[in-house]
Every structure is written in structure tokens, then in C-alpha cells.
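Biologist: Please take a close look at one part of this model, the pairing of its charged side chains. I should then like to follow the neighbouring parts of the chain, with every cut-off stated.

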Amino acid sequence: MSQAQTLKWSLLVSAGLGLCASLLPLLIWGQRLPEPLATHWGFGGAPDGALPKAGLVLMEAGSIVLPLVLVWPRKLLVARAPVALASVVFPSALIALVSMSVVWLNWDRADWRGAGHFSGLLIALLVGVPFALAGGAFAIARRVWPSGDAAPSAPAEALPLAPGERAYWSGSAFNGWLVSLALFVMLEGGVLHLAFGKTPGMAEWNLALHALVVLLFMFMWKVRVTLNERALTIHYGLLGWPRQRIALDRIRSAQTFELVPMEHGGWGYRGSLKLTRRAAVVVRSGLALRLELEGGKRLSITVDDAETAARLINGFVNRRADPPTNTATPTAVHAS
């Protein structure tokens, strides 16, 4: 069986197990459950809201199938396989636990208002077990589909630039997987709101926390990089803000390399140029730009057409090292 087929079967089995664990208890023991079912619990743990059985079944099935559809691989990308598997395991485990909790607390109750109380142990299980299972799936997938960060190559060949000649380059990188993860976070927030929406203070904290996480994803699912003779600027998010500017006189050389996100701590802005002297802007895996900065610092950026950017940067660096011997009329060279 090929790697692509193994990944697809792993995704299908994970989602299938989640569907079985979520829906079979409702379908098999539905006669021993009230109609509607208690699905909301207040601060003291007492039920204070309900949903029809059919509505709960549809919600649970959709919450598991949607992530599977979003991450279904059209082609195998080894570095993304662990994320795809974890992204299916997490909602499958979460919804399965929610369904089992609902069945247990509603078991043999004549009316949903008499359902059992929600305990702190159940909350801990709902929060901890899905993350643990998703983390385990991620670790296993890393072993099944191993990938390593290739050693950095030598500085890219410099693009020849005449004295006074101007050049401009721009590139971008986008990751639809991070958009999917943002949707998963919103889904999780909806499930938790369904269970604890009427708990005093819980709804506000749930909304604030999940909104913050989604906002962070919005900043990192797309970056645009611009380069001219003065600086390299990284524009974050769909709106291009915030921005990070690296003055060109701080750059010593540039090169390209194959970046694997987990070799840099995952996706997002990783590390610190001030504290660890190593940082990475990781939007996706694949060819990336690596900047060797003054003071032994290093910044890696995933961006399309990184090779052209590296050549242009090294051209600027070489021209800076060679004092101009004459004055030329500035011209524009577009290297994007």
C-alpha cells in the first residue's frame, strides 16, 4: 500500500471510529433516553437546556465529517500528513466524548430536566483526552511519514546589479490548512458553548479564548514578503498587518532550503531573534528563504519563489561590499 493510500485509510478509520463512538450509543439506546436530551449544564452542574435527538445526531455527524472533508489529501504531502491525521482525530474524540457524556447523564431519565449533573471529571476528560489522542496520532504519523529538514545549501548565487540599479521583489505564502484549523477551533468553541453556554462566566471566557486563537491563525495563514534595496518587509495576515521590517544592512547573506515546520517548533512565528538569535516565520512546508543576519542571528521564512529573493538579496549585499566607481541612472528591475 502506498503512503497516500495509508494516509487516506488512516483518516477514514479515525473518522469512522469517531462516528461509531458518537452515534451508536444514541441509536442503540435511544429508547432509554428522554426526548429531547439534556445538552446544557449550568454552573452547579444541573441541566438547563436540551436538544432533540435528531438534531444532536446531525450536529455530531457534521462535526466529524467536516474536518475529514477539509483535510482530505488530493496528493500526499509528507510534512502535512501528521497535521491532517491529528486534525481528524481531535474532533472525532471530542464529539465522541460529548456524545457518551450526554447518553450517560440522560440514561433512564423520564425528562431531560432530571438528567445527571455535569462533574469536573467530565470537563477534564472533554478537555484533556482529545488533545492527548491528537498528540499521540501526530507522533505516530511522524514515524509513519518521516521527514527531515535538509541541510542548508550555500548562499544563493547573487543576482548581478549595476551601481544605482534598483530592483523590487515580492512573494507570498498561503496555507489553507491553518484556515481549516481555525474552523476546527470555532467548532470546538461551539461545542463547548452548547454544553456550558448558560454557565455564568463560562460563555464569555470560551468566546474570548477561541476568538484569540482564531485571530492568531488569521495572522499566520498568509504572509507576503517584499524586498527592495532598503529592506525586506514581512506582511502578516490577509490585511498585511502587522509588519516586520529587516533593514538590508543587517543581512549578511541569503540561501534557500527545504523547511519542515516541526523542525522549527511548528507553524507560526517561532523563536526569537533577540533571545535565541533564531526565528522562523512558518506558514507551510517546502522551499523557504533563510537570512543570515548580523550578530550570528538567523531568520527563516516560508515564501514562494524564495530562490529569486535569495539571489536578489545577495546581489544587494555584494553591491554594498563593492563601493560604486561611477554613477548610473537608476532603473527599475522587477524580480518577482
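**Charged pairs and the loops around them**

Modeller: The side chains of Arg284 and Asp304 meet in a salt bridge, at 3.0 Å from N to O; the term denotes a side-chain nitrogen of Lys or Arg within 4 Å of a carboxyl oxygen of Asp or Glu. This pair links distant parts of the chain, its two residues being 20 residues apart. Arg284 belongs to the loop between strand S9 (278–282) and strand S10 (286–293), and Asp304 to the loop between strand S11 (298–302) and helix H7 (306–321). Helices (H or I, at least four residues) and strands (E, at least two) are DSSP runs, numbered from the N terminus.

The model is a predicted one, in which local features need pLDDT of at least 70 and side-chain atom pairs count only at pLDDT 80 or more, while totals for chains, interfaces and linings use all residues. Residues are numbered from 1 along each chain as its sequence is written, and side-chain values use heavy atoms, with hydrogens and water left out.

The two partners of the pair are covered to unlike degrees. Arg284 counts as buried because its relative accessibility is 9%, whereas Asp304, with a relative accessible area of 40%, is partly exposed. Here buried means under 20% relative accessible area, exposed over 50%, and partly exposed in between (1.4 Å probe, protein chains only).

The residue that follows Asp304 deserves a word on its backbone. Asp305 has a positive phi of about 60°, although it is not a glycine. Asp305 is placed in the loop between S11 and H7, the loop that also holds Asp304. With a relative accessible area of 38%, Asp305 is partly exposed.

How many salt bridges does the structure hold? The total is seven. As a rule, side chains of opposite charge can pair when their charged atoms come close. Another such contact is the salt bridge in which the side chains of Arg298 and Glu292 meet, again at 3.0 Å from N to O. Arg298 is partly exposed because its relative accessible area is 24%, and Glu292, at 18%, is buried. Elsewhere, Arg250, Arg252 and Glu294 are joined into one network by salt bridges that share partners.

A further salt bridge is formed by Glu229 and Arg230, whose closest N and O atoms are 3.7 Å apart. Glu229 counts as partly exposed because it has 27% relative accessibility. Arg230, by contrast, is exposed, with a relative accessible area of 52%. Farther along the chain from this pair, a cis peptide bond joins Trp241 and Pro242, with omega about 5°. Pro242 is located in the loop between strand S5 (231–236) and strand S6 (243–247). The peptide bond from Glu35 to Pro36 is cis as well, its omega being near 0°; Pro36 lies in the loop between H1 and strand S1 (37–41).

From the salt bridges, the account may return to the strands that lead up to Arg284. Arg270 has its place in strand S8. At a relative accessible area of 32%, Arg270 is partly exposed. Its C-alpha atom and that of Val281 are separated by 6.5 Å, although the two residues are eleven residues apart along the chain. In the loop between S8 and S9 lies Arg277. Arg277 is not a glycine, yet its phi is positive, at about 65°. The relative accessibility of Arg277 is 42%, so it counts as partly exposed.

A second contact between separated parts of the chain involves helix H3, where Ala86 is placed. The C-alpha atoms of Ala86 and Leu133 are separated by 8.0 Å, and the residues stand 47 apart along the chain. Ala86 counts as buried because its relative accessibility is 14%.

To return to the point of departure, the salt bridge of Arg284 and Asp304 connects the loop between S9 and S10 with the loop between S11 and H7. Its arginine is buried at 9%, and its aspartate is partly exposed at 40%.
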